[in-house]
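Biologist: I would like to go through this two-chain model with you. Could you put it on the screen first?

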Amino acid sequence: MPPIFKKIVFFIKKTLGIKDPEDNPQKPMSGLSSRGIIIFEHTSDVIRSETLLKAAGLDVRVKGPPPEIRTGCDLVIEFPLILELEIREILGRNRIKLMKIAPMQDHLLEPVSLFQVKDFGDYLMVRAANMKITVEKSTRWIVNVSGGGCPDVPYLSEQLIGKNLLETSEPRAMGHTLCGYALQLAYEEMKRQWPS
Amino acid sequence: MTESIVDARGLSCPQPVLLSLSLIKKQKTGELTVIVDSQVSKENVLRAAQSEGWNLSKAEESRTECRLFLKK
């Protein structure tokens with residue numbers, strides 16, 4: 001894996017609260033919970049699936065995979081096991097290929113917040129993992145999108161700069177990489193931070 | 001015609017963009033030069049300037065910096 005992607009994966013893992021097994025080798029395995037995880041091959045499938053499942057009103061969350069899972073991409077979707085059939089139907093209808101559905105071990109780590117908010121006077125910047133978004137306070141215009149190292153970052157910047165934060169499409173609708181996902185987190189945090 | 005310079009060398013994003021926008025908003029029209037020292041800053045400044053209706057009239061690139069001549 002190229003160093004830039006290792007760095008991105010590291011930041012995303014930090015953002016989502018993912019730890020490697022060596023971070024906590026003594027922690028015992030505990031019982032199964034009533035929730036499961038869906039493992040995907042590609043990050044873009046995670047992003048699309050999250051959008052579709054949330055739009056269907058389902059209680060799903062994107063998280064880091066447990067340390068023992070070594071297949072798939074660096075993100076998984078956590079869901080109530082009772083919804084498995086419905087989720088399979090939605091994903092199948094949208095031709096999203098999933099690698100595996102597994103019961104979730106309840107020692108899975110909760111996501112943590114890792115946002116940096118910086119006030120530049122007339123502008124506000126939010127950084128999530130490796131991505132930054134900056135908005136002009138008076139107009140709510142997005143003036144800068146930077147960071148990353150993924151191929152879709154220039155496209156995302158092109159689509160977002162000069163647009164109103166509250167009116168533009170969400171980055172998740174346009175991005176297909178970990179950077180796109182990190183930018184979505186920054187975008188959501190920016191909307192939360194915005195003074196009403 | 002007014003001409004102004006933003007020297008954003010050594011600054012990381014979004015600062016080159018914010019400095020450029022600050023001058024763009026003061027100046028409204030005319031010419032201005034932005035000096036940056038990374039490709040990322042160059043692209044970000046250009047995107048921000050273009051979203052404000054400014055165009056790149058010329059770019060001079062050396063091994064260590066890039067001078068962007070913007071016009072509106």
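Biologist: What covers the buried residues of α4(A)?

Modeller: The cover includes β7 (131-136), β8 (142-147) and α5 (178-193) of chain A, together with α2 (39-51) of chain B. Please keep in mind that this is a predicted model, in which local features need pLDDT of at least 70 and side-chain atom pairs count only at pLDDT 80 or more, while totals for chains, interfaces and linings use all residues. Residues are numbered from 1 along each chain as its sequence is written, chains are lettered from A in the order in which they are written, and side-chain values use heavy atoms, with hydrogens and water left out.

Biologist: Which residues of α4 are buried?

Modeller: In α4 of chain A, residues 153-160, the buried ones are A:Val153, A:Leu156, A:Ser157 and A:Leu160, where buried means under 20% relative accessible area (1.4 Å probe, protein chains only). They lie on the same side of α4(A), because the arc they cover around the axis is only 100°, taken from the directions from the helix axis to the C-beta atoms. Helices here are DSSP runs (H or I, at least four residues), and strands are too (E, at least two), numbered from the N terminus.

Biologist: And what follows α4(A)?

Modeller: A:Gly162 follows, and its phi is positive, near 90°.

Biologist: Switching to the interface, how much area do the two chains bury between them?

Modeller: Chain A and chain B bury about 1100 Å², with 62% of it on carbon and sulfur atoms; buried area is the accessible area (1.4 Å probe) that two parts lose on being put together, summed over both. On the side of chain A, A:Tyr123, A:Asn144 and A:Ile161 lose the most area to chain B, together 35% of what that side buries. The contact (heavy atoms within 4.5 Å) takes 16 residues from chain A and 13 residues from chain B.

Biologist: How many salt bridges are there between the chains?

Modeller: The count is two, a salt bridge being a side-chain nitrogen of Lys or Arg within 4 Å of a carboxyl oxygen of Asp or Glu. One such salt bridge joins the side chains of B:Arg47 and A:Glu158, at 3.4 Å from N to O. The largest share of the side of chain A that touches chain B comes from β8(A), with four residues.

Biologist: What pattern does chain B follow along the sequence?

Modeller: Chain B reads β-α-β-α-β-β, and buried residues make up 47% of its 72 residues.

Notes
Buried < 20%, exposed > 50% of the residue type's maximum accessible area, 1.4 Å probe, protein only.
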